[in-house]
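Please open the structure in your viewer and keep the selection tool at hand. The tour proceeds one selection at a time.

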There are 2 protein chains.
Amino acid sequence: MKRIESLTNQWVKDTKKLHKKKYRDLTNKFIIEGEHSVQEAIESKADVDVIVTTDKGIETYQSLLNEINEDKLVIVPDAILKQLSELPTPQEIIAVMNKQEESQSLGRKMLVLDTVQDPGNVGTMIRTADAAGYDQVILGEGCADVYQSKVQRALQGSQFHVSILTNVNLVQWINEVKEKNIVTIATALDETAMSYEEIGEQSSVAIVMGNEGQGVSQEILTLVDKKVYIPMKGKAESLNVAIAAGIVMFEI
Amino acid sequence: MKRIESLTNQWVKDTKKLHKKKYRDLTNKFIIEGEHSVQEAIESKADVDVIVTTDKGIETYQSLLNEINEDKLVIVPDAILKQLSELPTPQEIIAVMNKQEESQSLGRKMLVLDTVQDPGNVGTMIRTADAAGYDQVILGEGCADVYQSKVQRALQGSQFHVSILTNVNLVQWINEVKEKNIVTIATALDETAMSYEEIGEQSSVAIVMGNEGQGVSQEILTLVDKKVYIPMKGKAESLNVAIAAGIVMFEI
């Protein structure tokens, strides 16, 4: 157990830098916040660097903290915890995590994100993929950084359940996947595409969801095996991309 | 056409107050922002009080502005538009709307929100209801205010497509609906409930979605005809409520 009291401590300064993508990339570390996320990390045997809490937190989260090695524990005053957190009113427990090495083996059911830029959408879609029994999420170049606080919050532990690949060249990836006879499907806004309900449940599939404004890029639409759309029954022009992903993944 | 130049103008001050629920309730007015929302309002013949734009906006949105009566137009400098907007970089067109009187007639397919507190969730769920062909959304007491900026942004025009009732006593409402032989269904986190896939498409139905943390309240769960749940196929414990609503509404 280590106790850090000073806001100007070098470790505090370095850890605070993890709020920025540049430093997360440089150090291969990221921060998760709150009891539920930390518990999921521990239960999933993810690579915890340290757990940061306060004197009060040691009591509140006693049973959770019992599960980790004491030398991974850092106790700080509220003022430091507040600095390390990105929430206005943080829970008194956060963890610094080491990024997992990305698995190069293909999943069975895969969700592929093409330039999805909203962090909340990225987080919700990975959580939904987990709930739908999808085991891998592929984030193409230009997606929101999965290790940022907003995404991690929306993930609710699903970052430790599904395999996540980041910064993937999707054109290359889809070509490789197609050679392995995995069905590739992209959602299109095109009403001449097939309705998602006609596809039926697949045992092995990659489903591509696109950018919030533009949808899936033309280059990828021409590559995939099938294009599907969700018929609009009312007057709305489109669905939020995370909702669309949920509907399609629970069907296919 | 009216031109207002001064930030201390009384109309500017009053309109800015519409950022607060208290004043929206008092005046029965609210603000929508951006070309798409304003266009949907005009096309749906919703009750536009005034449209506010800038000299530049008059050119940019010329064809849209041609569709409205000139005396409903207010031209302001950028500084005033920025004050009236709740966005960091506003589009140069906003509208002050008069709230529509809430329809007392029942919809055919209805989404019922029980204490859904996140504005983004409320907005996305109404938009999804519209897309799924639901024609009425009932917001119980304790839901996020539908007329606030965050909800209106997520709605993308669906506020003008579906009938919205607010601040409804849900216990009373569900009792009344049941007397009219409409099937009432609540989503439960209870795995002994029926799977949503067993229900099938309904021609007339009310589906209740619950609070982000607690789900549908016990009192309402005991009232409804059926309880359904969405089976989790992976390790996630639950779905975001807006995703769950999308999956259920596109199935039932």
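**Between the chains**

Select chain A and chain B together: across their interface the rule finds zero salt bridges, a salt bridge being a side-chain nitrogen of Lys or Arg within 4 Å of a carboxyl oxygen of Asp or Glu. This is a predicted model, in which local features need pLDDT of at least 70 and side-chain atom pairs count only at pLDDT 80 or more, while totals for chains, interfaces and linings use all residues. Residues are numbered from 1 along each chain as its sequence is written, chains are lettered from A and ligands numbered from 1 in the order in which they are written, and side-chain values use heavy atoms, with hydrogens and water left out.

Polar contacts, by comparison, are listed here: 15 residue pairs of chain A and chain B, both at pLDDT 80 or more, form them. Such a contact is a pair of N or O atoms within 3.5 Å; within protein, one must be able to donate a hydrogen and the other to accept it, and residues adjacent in sequence count only if both atoms are side-chain atoms.

Next, select α3, α7 (119–131) and α11 (241–251) of chain A, each of which supplies at least two residues of the side that touches chain B. Helices (H or I, at least four residues) and strands (E, at least two) are DSSP runs, numbered from the N terminus. The largest share of that side, six residues, comes from α11(A).

Now show the whole interface: 29 residues of chain A are in contact (heavy atoms within 4.5 Å) with 29 residues of chain B. The two chains bury about 2400 Å² between them, 55% of it on carbon and sulfur atoms; buried area is the accessible area (1.4 Å probe) that two parts lose on being put together, summed over both.

**Between the domains of chain A**

Colour domain 1 (2–98) and domain 2 (109–251) of chain A separately; these bounds come from an automatic or database domain assignment. The contact takes 14 residues from domain 1 of chain A and 11 residues from domain 2 of chain A.

Which three residues supply 37% of the area that domain 1 of chain A buries against domain 2 of chain A? Select R24(A), F30(A) and E40(A), which supply more than any other three residues. Then add D145(A), whose side chain meets that of R24(A) in a salt bridge (2.7 Å, N to O). Across this domain interface the rule finds one salt bridge.

Finally, select α3(A), which gives the most to the side of domain 1 of chain A that touches domain 2 of chain A, with four residues.
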